[in-house]
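Before reading on, please take a moment to look over the sequence and turn the structure around. The paragraphs below are meant to be read with both of them in view.

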Amino acid sequence: MSSEQPPKRPERAVKRAAPGALTAAAAPTAPHVASALAASSPWAYSPAPESKELALIRPRYGLFIDGQERAPASGEVVVTYNPATEEPLAEVAKGGAEDADRAITAADRAHRKVWSKMEPRERAKYLYRISRIMQERSREFAVTETLDSGKPIRESRDVDVPLAAAHFWYYAGWADKLQYAVPGRRPESHGVVGQVIPWNFPLLMLAWKIAPALAAGNTVVLKPASTTPLTALLFAEVCQQADLPPGVVNIITGPGEMGMAIATDPRVAKVAFTGSTSVGIKIAQGIAGQGKALTLELGGKAANIVFEDAALDQAVEGVINGIFFNQGEVCCAGSRLLVQESIAEEFIARLKERMTTLRVGDPMDKNTDVGAINSRAQMETIGELVASGVAEGAKLWQPECVLPTRGWFYKPTLFTNVAQSHRIAREEIFGPVLSAITFRTVDEAIEKANNTAYGLSAGIWTEKGSRILQVAAQLKAGVVWANTFNRFDPTSPFGGYKESGYGREGGLQGLHAYLRSS
Ligand code: NDP
């Protein structure tokens, strides 16, 4: 196998960032600063690193096709890096169209001969088994996810992994009750499902897609993102451990074109994609006229609306969670703060105070709040958009904090004086950057919240129940949280309007997406 050249090592994160974006950063000290706060700060914590040894990462991974690990047709590999250290983690097979063809052949055969013929309650047992194994191996999954993606271990341990296991558990319950999902009609699987997932929640997006697909009787060919393949490959081991029949789940790593080869293959009856709007459009165009079912979960520019009667400290926490969870690399991130003018000054002051307590740094440290940005390319996107915010006249603020000297890190960033026309108010930044806008009346808040090409999520902060109902009904967003944010549950549907895509994942609606009914 030949290896691709590793990408040129980027300069230090603080140097790469946009002009003006990181100028407040103090000189970095040690290569791994667990806390971004000065040691004298009352918020400074001692390092509490999770053990890397828990992740049994192999030096090289093949493709998972027909229940076995196989070499890619090209014989080539790509390297996946730890974004927090820029060190290589493993070599991963570089699949292509020929490998996609082999995986689809295996999935097609498994669907026709095994999975669609199996008693639904037997299929359920496999899903329960997968969920149990994921729980048993949860620490291994959490550490692998954090090393490969840069997200804080606290989040992979407490959110990504348990939620992923919960999705398999939840959909296992549906597997033998499909007739109740489509009352009066006969539920049928689509057949082979092609799934392409992104890098921000690698394991969770896999679970959102594979669990309902299998419960509904489909077989799967899944392509993880190139920068975060490892938990999907660990999941392949779980499929083997659970004795899942060969070909029911196939996981193939490779570039974006391979994702398109999967989506457009005529044997693939349903496609599910999560990622950027631009690639979502390409996939929709690529399969147009083929009669395939398609769900697209794309970007967002959510408004987190804070009314003057809100419990301010709780709202501050919600806004912090809304934008700094997973470094803001979240499609439903509350990246636009809409705050009522009467409380704006006080709210922004409290928000800044809270931002100074965020611990930015080593994702493997259990105290870290904001980990590493997933890739150099994403760092550049964030830097470019932050620079545009400064150039267009918004006011940038960042807390004093020390970033690690290696790895891709970005300071928590707040923009005030933001106009709705600014790029930072319109485009998905996918980083720890919040744009604050004020409003005076309820109608103005609704109008501004809806003034976006996206429609994935929104948040409302108020003590008044009737206002929650009044505002939520008028927001054009697939998910509206009230006095909370970023709450996920396997029973709850998730998806968007407008450029955020179509179709729902999670809950009964997420199951419908994987069923044909006659
Ligand atoms: P992409 O949309 O390019 O990547 C998502 C997935 O699609 C990856 O598996 C990728 O593979 C694959 N892919 C890329 N090109 C194609 C193609 N032509 N056909 C089929 N599949 C393809 O996102 P990026 O990583 O480029 O991120 C860019 C921006 O997208 C971010 O800044 C963010 O704004 C948004 N985004 C939104 C996400 C969401 O959850 N809604 C998730 C990720 C990004 P590969 O990794 O091999 O390129």
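What follows moves from the whole chain to a few helices and then to single residues.

The model shown here is a predicted one. In it the protein has 17 helices and 21 strands, and its radius of gyration is 23 Å, close to the 24 Å that the globule rule gives for 518 residues, so the protein is as compact as a globular protein of that length. Taken along the principal axes, the box that the C-alpha atoms fill is roughly 65 × 50 × 40 Å.

How much of the protein is buried? Of the 518 residues, 59% are buried, while the accessible surface comes to about 19400 Å², with 51% of that surface belonging to carbon and sulfur atoms. The chain also meets itself across long stretches of sequence: among contacts with a separation of 6 or more, 76% are between residues 24 or more positions apart. As for charge, the protein carries 56 positive and 55 negative charges, and the mean positions of these two groups are 4 Å apart.

Helix H7 is a useful place to begin a closer look. The helix covers residues 202-215, and its 14 residues, at 1.5 Å a residue, should span 20 Å, which agrees with the 20 Å that separates its end C-alpha atoms. H7 is also mostly covered, since 14 of its 14 residues are buried according to the cut-off of under 20% relative accessible area. After H7 comes Gly217, which has a positive phi near 95 degrees.

Helix H11, residues 312-324, can be read in the same manner. Its 13 residues should span 18 Å at 1.5 Å a residue, and the end C-alpha atoms are indeed 18 Å apart, which agrees. The buried residues in H11 include Leu312, Ala315, Val316, Val319, Ile320, Ile323 and Phe324, together with the glycines Gly318 and Gly322. Gln314 also has its place in helix H11, but with a relative accessible area of 48% this residue is partly exposed. Seen across the structure, Gln314 lies 39 Å from Arg129, C-alpha to C-alpha, and the two are 185 residues apart in sequence. H11 is followed by Asn326, whose phi is positive and near 55 degrees.

Which elements does helix H9 pack against through its buried residues? H9 spans residues 256-264, and its buried residues are Met258, Gly259, Ala261, Ile262 and Ala263. These buried residues pack against two helices, H2 (97-115) and H10 (277-287), and against the strands E8 (192-196), E9 (219-223) and E11 (268-274). Helix H10 holds Gly286, which counts as partly exposed at 33% relative accessibility. Gly286 and Ala261 are 25 residues apart in sequence, and their C-alpha atoms are 9.5 Å apart in space.

The loop between strand E10 (249-251) and H9 contains Thr253, which is buried, with a relative accessible area of 4%. Leaving aside neighbours within four places in sequence, Thr253 is in contact with Leu63, with Val92, Ala93, Lys94 and Gly95, with Pro224, Pro229 and Leu233, and with Met258, the last of which is one of the buried residues of H9. Thr253 also lies 8.2 Å from Gly62, C-alpha to C-alpha, although 191 residues separate the two in sequence.

Another buried position is found in helix H15, residues 442-450, where Ala445 has its place. Ala445 has a relative accessible area of 0% and is therefore buried. Not counting residues up to four places away in sequence, Ala445 touches Ile305, Phe307, Leu338 and Phe439. For Phe307, the C-alpha separation from Ala445 is 9.0 Å, while along the chain the two residues are 138 residues apart.

Two loop residues deserve a look at their backbone angles. Asp66, in the loop between strand E3 (63-65) and strand E4 (68-70), has a phi near 55 degrees, a positive value in a residue other than glycine. Lys498, likewise not a glycine, has a positive phi of about 50 degrees; its place is in the loop between strand E19 (479-482) and strand E20 (501-502), and at 40% relative accessibility Lys498 counts as partly exposed.

Notes:
Residues numbered from 1 in each chain as written. Predicted model: local features only at pLDDT ≥ 70, side-chain atom pairs only at ≥ 80, totals over all residues. Heavy atoms only, no water. Helix = DSSP H or I, 4+ residues; strand = E, 2+ residues; numbered from the N terminus. Rg over C-alpha atoms; globule rule 2.2 N^0.38 Å. Buried < 20%, exposed > 50% of the residue type's maximum accessible area, 1.4 Å probe, protein only. Contact = heavy atoms within 4.5 Å. Areas by Shrake-Rupley, 256 points an atom, 1.4 Å probe, with all protein chains shown as cover. Lys, Arg positive; Asp, Glu negative; His and termini not counted. Charge placed at Lys NZ, Arg CZ, Asp CG, Glu CD. Expected span 1.5 Å × (residues − 1).
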